[in-house]
Amino acid sequence: MICALMVGTLLACGPAQADTEPRVVAQIVDATELHGYVLDHQEYLKPTDVLPSASTSRYLTYVANSAIHEGYFRYFESYDGSVTVSVKLVDFYRNAMAAAISADHPIRVASRLPAGAVVTADSSYGRGTTALRAQFAKGRIQADVTVTAVADNDGGPGSARTKAERALSRASLRQFGKLMPAPQRPGKDTISVSPFRLALTLSVVLAIVLPPLYLAVLTAVRDPAVRRRLVQRFRPPRTVRPLGGFQFADVSEESRRRLRRTRWGTVLRVVLVLAAVLGTFRTTVMTQSVLLLGMALVAAVVGALRARLVRTAGYRVPPYGVGAAVIGILGVGITLLLAGAGCLLVFYSLIARVSGLPAISASGVEHLTSLSFAVGYGLMTFSALPFELTRRLWLRRTQTLLERDGRPPVLLLRSWADDHVRMRSHRSGRHAFLERLRMRRWDRFEEILASALWLRGPVLGLGEPGTRLPPLGAAREYYPEDNWQQGVRDRIDGSCLIVMVVGRTASLVWEIGEIADRNALGKTLFVIPPVPDEERRHRQHVLCAVLGLPQEIFRHIESSGRRVLALCGVGSDSATLITSDVADDVGYEATLDLASDVLERLAATSAGDPADGSVRTFAAAGTRPLPAVDTARLPLVSPGRGAKPPRPWYRRKQVVIPWAGVALTGLLGPAVAAVAPNSTPVPVPGVSVVAGVDAGLLAAHSGHVLFVEHGQDDTLVDLDLATSRQRARLKLPDWPGALTVSGNTAYLTFPASRRMAAVDLGGHTGGGTLRMAWTRSLGRTPGGVAATGHRLLVTFPASDSVALFDGSTGTPLRDADVGKAPMAVTIHRDTAYIAGANDGSVTALRLDSLRRVGTARLGRPLADVVTAGDTVYGIDAADGWIVPVATSGSLHVGSGMRVPRLNGAVAVDEHTLVVSTYRDGTVHAQLLVIQAARHRTVRHILLPESVHDFASDGSQLFVSSPYSRNILRLNPAAPR
């Protein structure tokens, strides 16, 4: 089934074509074209990324691959963090596909936008935040620009809606102007789903055909008749030479004819199913499903009526009455309910593999559909059990059944131990439609005999005392243990035919003698059951000894490569042995038909035909007395009541139960994990320093943690690690963009108000308030900040410069120009390293004079720079790279380390970096402890959610998580 889907998808996608046109990444705006923004994240988009639901749907994956060539995504953030812009470009194969833009509730905006742009608003954000989205197309490129803006504190001209419209207009016009018209790619304006429908149809056909075929192959491997037929293809049996006093009748050719008819019937049904599927292929999926379901119901009804008309299922005629009707309705109803539920689960598994399931990954869909497929086939396999139970309950009403039938019964004599003999059963007319739902390939030998004998009369046998429910096959009469022999005598006299399954128990020896004493050998058929060769020879020996037949007759037949299936006409002048190449179910059916004709012909010869020929009787022909038998010399056995033959090792419970448990666990485990992937939450690592706070920026210093708490008022909090108590709090004028600590002073920048402040950390006592040392208006938007001693360095991305300040007073000392949009800075000894966010450069400046030492160009958008020991690292969060740019004061770009989903990095000590990653779908957020010199990850710390900020005091790591309102303390060097 999976292979069919894969082949169909490959056929649908077709061969890849060479692409000489500029890729979509060359047409998307970058940070240099959006002044005032820095690139935060970028990635290529696969077709399935453009359609998020396609990740779990093969059909939508096929549609996405047929319609979309590629895509690209970039996410920008303004210098002050109040506006974010995301741009997504999708390159379709055809212009009409790109122009197909739909929106539920489009709105109008006052700002200018590209022609044909459709604007929508996202109302899910809270008050003070506006999100606008514009979609437009040029040629075969579709652009999607989304802007999110946060209102300024005063709510005036810088309100969220005004900022969002201004940013949307600017980004959309820049993006529209950069799009290059390109010719349409080869393809059609519409997507043909015929290849995928063909793959789905093949998967349905294989799901219907393969499991029964697999069971048929396993059954054939176990069936000794198949092996015997294979041997006879190379060594055909010889002709049996006639012997005096015996007649031979071979049913091999009739068995092969019936077997061929059964096989051709199976082939015809498969061809009809394929013809029905192909004939309805061009209709819709729903129409095709309804038509196929209707055809299946019609075929089932026709098959049931045909079986009833030809009386191949006549032995199932129940003793109808109110109670029996209720039992029958319940049994059939439950069987149909289980079979319908199984079919629905199988159909659901096929459809779910195609359409996917919401909020479940592709691997989860695979596990769920595999479990659904297995459970569905299990329900269909066991769905016939209620119907079989109904038939067994009907068989308990033996007297009613005999009275309603009206024909003389057929007496079936056998050893109770033979009730458990089974043989391979071909699907033929004796199986009802409801029984075909159960994929059972082995029937009890008694069922096979009874199905053929019931055509000549109701089959009756003696039930084993203590049995509560008779098995399928003959109806049972129960007698006390001291009176069962009288019941046998009565039924011998009143039966039209006696069929004895040859055994080697004392009771069967007595029954043969009783049949002879009552002159009934002429209507008795002795059947050799399908037992192992050694057991069969013992039974033949007992039969020959009791009937006075020479054992050489069986050896003579077996030497020709044939088997004796039955013996009849023992009381006549010439007994008839019915043989066959193979002892299988169709051979026994042909044997019973032939034996009935032989016995009827013998009866007609001895007593004459009935005048009207309407009643089939098997009167006794001439008989002869049986020889005296010494039972002590016979290989008789006493298997005991209810004894069952030992099962093969692969069917014993010691083997089946463990393997079934392993298989069930393998299916259930991943399926439950797919339905509830978050059922086992990630434990919170480390120790909670403080809980119940919405903490953002962090800084650590000498036994204290300084953090910014966001609430009704933004507050700077100083936390004592020894007592986990807040020592002091200070209300801030605005939400800060950067925080750093040097000595006893904390420095903060405020991008929204373009200010900077210094907070004295050492001039208070426990329970006091933090003191604002100084504040200064900068007149421009600040970026990153770094401090050492009383020297303070601040970056200004809008002017592409940095400024040096006196940390004691906030007095500006000097400025210097650096790379494009400097957003991060770090100080190592007497050198400052500034990262250019938009040009991928790291500029080294002498801290005292701001004289340029050199510039290292990485060609990557850098979000941060960190120092570990003597090495400075550039952090590319957009593409997820950590690259060394300076070692011991010398600028040199080294080989980097790729970290997917990179969020930020901090140095714990001179040898260790800790990197945070954000959560993406089912992939958890993590902290990675990395050996800086060797670029090797030595520890993974799973986090329940992405972190906002983290800081280190040189030995310990502190993590702020605003979603869980918690600050955690971890030891990166601790063992896993």
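Leaving aside neighbours within four places in sequence, which residues is Leu449 in contact with? In this predicted model, where contact means heavy atoms within 4.5 Å, Leu449 touches Leu412, Val501, Val527 and Leu592. Because the model is predicted, local features need pLDDT of at least 70 and side-chain atom pairs count only at pLDDT 80 or more, while totals for chains, interfaces and linings use all residues. Residues are numbered from 1 along each chain as its sequence is written, and side-chain values use heavy atoms, with hydrogens and water left out.

**Nonpolar cores**
- The largest nonpolar core (buried Ala, Val, Leu, Ile, Met, Phe, Trp, Tyr and Cys residues joined through side-chain atoms within 4.5 Å) has 36 residues, of which Phe445, Leu449, Leu453, Val499, Leu525 and Val527 touch the most other members.
- Among the elements that each supply at least two residues of this core are helix 15 (445-453), strand 13 (497-501), strand 14 (524-527) and helix 20 (585-607), and helix 20 gives the most, with six residues.
- A second, separate core of 34 residues includes Ile498, Met500, Ile528 and Val546.

**Cysteines**
- The structure holds zero disulfides, a disulfide being a pair of cysteine sulfur atoms within 2.5 Å.
- Cys496 is buried at 6% relative accessible area, and Cys568 is buried at 0%, where buried means under 20% relative accessible area with a 1.4 Å probe, protein chains only.

**Whole chain**
- The protein chain holds 21 helices and 45 strands, which are DSSP runs numbered from the N terminus (helices H or I, at least four residues; strands E, at least two).
- Of its 976 residues, 48% count as buried.

Notes. Buried < 20%, exposed > 50% of the residue type's maximum accessible area, 1.4 Å probe, protein only.
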